[in-house]
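Please walk through this structure one sheet at a time, with the sequence and the coordinates open side by side. The description begins with a pair of strands and from there works outward.

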Amino acid sequence: MSEGAIPLLRVSLQASYGRQSVLRDIRLDLEKGESLGLVGTSGAGKSTLILALLGLLPWRGGTVTGEVLLEGQNLLTMPERDARRLRGSRIALIPQSPMNALNAVVSLRAHFDEAWRAHDNRGRAALETRLATLLSEVQLPTDPSFLKRKPGEISVGQAQRVMIALALLHRPAILVADEPTSALDPVTQAEILKLLRHLNQTMGTTLLYISHDLLSVLQLCDRIAVLDTGTIVELLSVDRIEQAVHPATLALLNALPAPPRILLEYRDGNAR
Ligand SMILES: Nc1ncnc2c1ncn2[C@@H]1O[C@H](COP(=O)(O)OP(=O)(O)OP(=O)(O)O)[C@@H](O)[C@H]1O
């Protein structure tokens, strides 16, 4: 990035619930095309941070101060109507549990119709054009009968691909993925991680990936931020993970099934 240029996302915030301070001096920059993994154990403040940076923390009873500059605009101080316009179109969330996020009584097509109308008034034909490429991008069936199904008629892995497609629908600048594989079996988890890596590496999608699982962060991300009791205690590139010094990072490293350099060799099927 050239000196003085504003990154795609610049976060500088603190957050609390009542008098309980939960996030302190959180500072993050995210460049276009990058994938940043935010990793932390349970209770570290990951969900609070996601809600804070989407401008949604007040809905959970929290307060946030500081800045979330998305393409130079502060999500925390703009009118809620404007923030709502950016959420879903410029910054989009892939949630943890796809089956909870989808509405069981309506078709998949109805989900896409509603998400389309929320940010684009060009109507059905434009949506059809977008879906024609989008469904294959996320490796979902492209025949029209698929979208007639309801969430209960597809697998959980397909449901997570639907959530990813919904998040990508308006070509957002940033995808925020909140533990997107935690509800999935190991094989489907690996497939979804591979898809996210493909979207980042091949399609240039900027990714903020939040997880308690360092292994998945190593498989997916370029940089890692370690969150521990509400503070980012270490921020380093994946290639330098073995130089980590903070006890919270070392504890995560010790829980890995193999040394990181071995795991990184297998990333993208590049094992020699
Ligand atoms: N609505 C709330 N009111 C008060 N305290 C809360 C609220 N939500 C979360 N907390 C507290 O804030 C801290 C951070 O919680 P948060 O849910 O952000 O952690 P997390 O890293 O996402 O954990 P997990 O991985 O278990 O979901 C915890 O101590 C939690 O008890």
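Arg-10 has Asp-29 of β2 as its bridge partner, and this pair is a convenient point of entry into the model, which is a predicted one. Arg-10 lies within strand β1, residues 9–17, which is joined to β2 by eight bridges in the antiparallel sense. Further along the same pairing, Ala-15 stands opposite Leu-23 in β2. The two strands form a hairpin with two residues between them, and in that turn Gly-18 has a positive phi of about 60 degrees.

This hairpin belongs to an open sheet of four strands, arranged in the order β2-β1-β4-β5 with antiparallel pairing. Because β2 (20–30) and β5 (73–74) each have a single partner strand, they stand at the edges, and one side of each is left without a neighbour in the sheet. As a general matter, the strands of a sheet pair through backbone hydrogen bonds, whether parallel or antiparallel.

Ahead of β1 in the chain there is a segment that contains Ala-5. Ala-5 is partly exposed, because its relative accessible area of 27% falls between the 20% under which a residue counts as buried and the 50% over which it counts as exposed. Although Ala-5 and Gly-72 are 67 residues apart along the chain, their C-alpha atoms are separated by 9.9 Å.

The second sheet is also open, but here six strands follow one another in the order β6-β7-β8-β3-β9-β10, and the pairing is mixed. Its edge strands are β6 (91–94) and β10 (231–237), each of which pairs on one side only. On average, neighbouring strands of this sheet are turned by 20 degrees against each other, when direction is ignored. At one end, β6 runs parallel to β7 (residues 174–178), and four bridges join the two; within this pairing Ala-92 stands opposite Leu-175 in β7.

Two helices can be placed against this second sheet. Helix α1 packs on the sheet, where it touches β3 (35–39), β6, β7, β8 (206–211) and β9 (223–228), and its direction makes about 150 degrees with that of β8. Helix α8, residues 186–201, likewise packs on the sheet, touching β3, β6 and β8, and its direction also makes about 150 degrees with that of β8.

The remaining pairings to follow in this sheet involve β9. β3 and β9 pair in the parallel sense over four bridges, and Gly-37 has Ile-224 of β9 as its bridge partner. On the way to the other edge, β9 and β10 run antiparallel and are joined by six bridges, with Leu-227 standing opposite Ile-232 in β10. These two strands form a hairpin with two residues between them, in which Thr-229 takes a positive phi near 40 degrees.

Helix α1 deserves a closer look, since it also meets the four-stranded sheet described at the start: α1, residues 46–53, lies across β1, β2 and β4 (62–70), and runs at about 120 degrees to β1. Six of the eight residues of α1 are buried, so the helix is largely enclosed by the rest of the structure. The buried residues are Lys-46, Thr-48, Leu-49, Ile-50, Ala-52 and Leu-53. After the helix comes Gly-55, whose phi is positive, near 75 degrees.

Which residues are found around the ligand? They are Tyr-17, Gln-20, Val-22, Thr-41, Ser-42, Gly-43, Ala-44, Gly-45, Lys-46, Ser-47, Thr-48 and Arg-60. Of this shell, the largest share, three residues, comes from α1. Several of the surrounding residues bring N or O atoms to oxygen atoms of the ligand: a polar backbone atom of Gly-43 is 2.8 Å from a ligand oxygen, and a backbone N or O atom of Gly-45 lies 2.9 Å from a ligand oxygen. Thr-48 takes part through its side chain, an N or O atom of which is 2.5 Å from an oxygen atom of the ligand. The ligand has 630 Å² of accessible area on its own, and the protein covers 63% of this. The elements that give two or more residues to the shell are β2 and α1, which returns the reader to the strand that holds Asp-29, the bridge partner of Arg-10.

Definitions and conventions:
Residues are numbered from 1 along each chain as its sequence is written. This is a predicted model: local features need pLDDT of at least 70, side-chain atom pairs count only at pLDDT 80 or more; totals for chains, interfaces and linings use all residues. Side-chain values use heavy atoms; hydrogens and water are left out. Two strands pair if DSSP finds at least two bridges between them. Contact means heavy atoms within 4.5 Å. Axes are lines fitted to C-alpha atoms, for helices over the stretch in contact, and angles run from 0 to 180 degrees between N-to-C directions. Buried means under 20% relative accessible area, exposed over 50%, partly exposed in between (1.4 Å probe, protein chains only). A residue is near a molecule or strand if one of its heavy atoms lies within 4 Å of it. A polar contact is a pair of N or O atoms within 3.5 Å; within protein, one must be able to donate a hydrogen and the other to accept it, and residues adjacent in sequence count only if both atoms are side-chain atoms. Accessible areas come from the Shrake-Rupley method with a 1.4 Å probe; for residues, only the protein chains shown count as cover.
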